[in-house]
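Biologist: Please take a close look at one part of this model, the core. Begin with a helix for orientation, and give me the cut-offs as you go.

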Amino acid sequence: MKQSIIMSRRALLATGGAALLATPFLGKGALAATTLRYGHMHTPASIAGAQAEWFAEAVAEKTGGEIAIQIFPNSQLGKLQELAEAVSTGSIAFSHNTAGAIGSLYAPFAAFDTPYLYRDVGHLMQVMDAQSPIMEELNEGLVGASGTRALYAFYFGTRNLTADREVKAPSDLSGVKIRSIPFPIYMATVEGLGAVPVPVDWAEVPTALATGVVNGQENPMNVLVSAKLYEVQSHVMLTGHIAAAQVVMMNDDVWNALSDANKEAVAAAATETRARASAEMLKTEASDLQALRDAGMTVVDESTGLDATAFKEAVQARVSREFDSQYGDLYAKIAAVA
């Protein structure tokens, strides 16, 4: 059965009528299918990149080939902010992004990426389950504000600091330039770590590190390995400052245009992919850390002098000063999740 998606008037105006959400095609011996575009910033070698492919495969299988998802990795379709806006305008159907970046479309979403917010990974994933009361509440606001919905969230890993030098305490980062994701919650986090935050889009990070525009950055282990940041960074500090999930966004007009059967299929594919990606990320965190050691990086942890308590206290103080007034009620709801 041919599935058609009608672009909203808002999206049509925003893209000048040139970027369609879906284009029908005929595969050999196949029925007409709807092709939806999924753009993201990660390499296909990363788990974040691989899960987009897993999701596409699951959607194709569960819809009997009625929906095909075309993946555009490595920021081919834009940088972080541009990808979020592209889902909102309808020029692409899907992207995954940080909660902080999605906060540029609907501010409360940024609260999900607050440092030291979750008790453990289980707590994080319980809060960010698409069916959790907190996520449902914020998703309703996101749809209303931007025409996008959070389809699912997968565990992205725990963010740690890397640098071209040994760092053991916030004082070691005085005057040191550390790349920050260019959104407020991350800028405040890097400042709390003791550094000078320099906003740099992910697509430009390896070059910025190699040329000394910044002296370090912060990301989960799998990103460090898949992006080969060990080639331009000598030390990784196990600050563990943000337990993070990536949120897969979907244009709401595309969602609403799906048949009931295909909505169920896409939702089932989302649930399946979320579980697979999260499990894979958890499984590889230890091996990724060993891979960084094997590649020559020096690992600095509490056993080698890292003052984890000092980092936590400094970051929490800096972030609380700016964001408690905005997100205090939401933080209380997150803390109350058992």
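Modeller: The bend at a residue is the angle between two fitted axes, one for the seven residues ending there and one for the seven starting there. On that basis, helix α11 bends by about 45 degrees at Glu 285. Helices (H or I, at least four residues) and strands (E, at least two) are DSSP runs, numbered from the N terminus. Helix α11 covers residues 260–294, 35 residues in all. Its first and last C-alpha atoms are 50 Å apart, close to the expected 51 Å at 1.5 Å a residue. That expected span is 1.5 Å times one less than the number of residues. Gly 296, just after α11, has a positive phi of about 105 degrees.

Next, the ground rules. This is a predicted model, in which local features need pLDDT of at least 70, side-chain atom pairs count only at pLDDT 80 or more, and totals for chains, interfaces and linings use all residues. Residues are numbered from 1 along each chain as its sequence is written, and side-chain values use heavy atoms, with hydrogens and water left out. pLDDT is the predictor's confidence in each residue, from 0 to 100. The protein chain averages 91, and 91% of the residues score at least 70. Residues 1–32 stay under 50. For them the model has 62 contacts (heavy atoms within 4.5 Å) beyond four places in sequence. Where pLDDT is low, the predicted coordinates should not be read in detail.

Now the core. A nonpolar core is a set of buried Ala, Val, Leu, Ile, Met, Phe, Trp, Tyr and Cys residues joined through side-chain atoms within 4.5 Å. Buried means under 20% relative accessible area, exposed over 50%, and partly exposed in between, with a 1.4 Å probe and protein chains only. The largest core here has 108 residues. Phe 55, Phe 109, Phe 112 and Met 128 have the most contacts inside it. Strand β9 (residues 235–251) gives the most to this core, with 10 residues. In soluble globular proteins, nonpolar side chains tend to be buried together.

Take Phe 112. Beyond four places in sequence, Phe 112 contacts Ala 99, Leu 117, Tyr 118, Val 127, Met 128, Ile 134, Met 135, Leu 138 and Ile 334.

Then the rings. Rings of Phe, Tyr and Trp (its six-membered ring) pair if their centres lie within 6.5 Å; planes under 30 degrees apart count as stacked, over 60 as edge-to-face, and the rest as tilted. The whole structure has 6 aromatic pairs. In one of them, Phe 55 meets Phe 94 edge-to-face, 5.4 Å centre to centre and with 80 degrees between the planes. Phe 55 sits in helix α2 (residues 47–62) and Phe 94 in strand β4 (residues 94–98), so this pair ties together parts 39 residues apart in sequence. Both rings belong to buried residues: Phe 55 has 0% relative accessibility, and Phe 94 has 1%. Phe 55 has a further partner. The ring centres of Phe 55 and Tyr 152 are 5.4 Å apart with planes at 50 degrees, so that pair is tilted. This pair links helix α2 to strand β5 (residues 148–163), with the two residues 97 apart. Tyr 152 is buried too, at 3%. Ring pairs join Tyr 38, Phe 55, Phe 94 and Tyr 152 into a cluster.

Thr 189 is another buried residue, at 2% relative accessibility. Its place is in helix α7 (residues 184–192). Leaving out residues up to four places away, Thr 189 touches Pro 115, His 241, Ile 242, Val 315 and Val 319.

Loops give a further view. Ser 132 lies between α5 (121–127) and α6 (133–146). Ser 132 counts as buried at 8%. Beyond four places in sequence, it touches Gln 126 and Val 127. Asp 307, in the loop between β10 (298–300) and α12 (308–335), is partly exposed at 36%. Its contacts beyond four places are Lys 168 and Ala 169.

Two loop residues need a backbone check. Asn 74 is not a glycine, yet has a positive phi of about 55 degrees. Its loop runs between β3 (67–72) and α3 (80–89), and Asn 74 is partly exposed at 43%. Lys 228, also not a glycine, has a positive phi of about 55 degrees. It sits between α9 (221–226) and β9, partly exposed at 44%.
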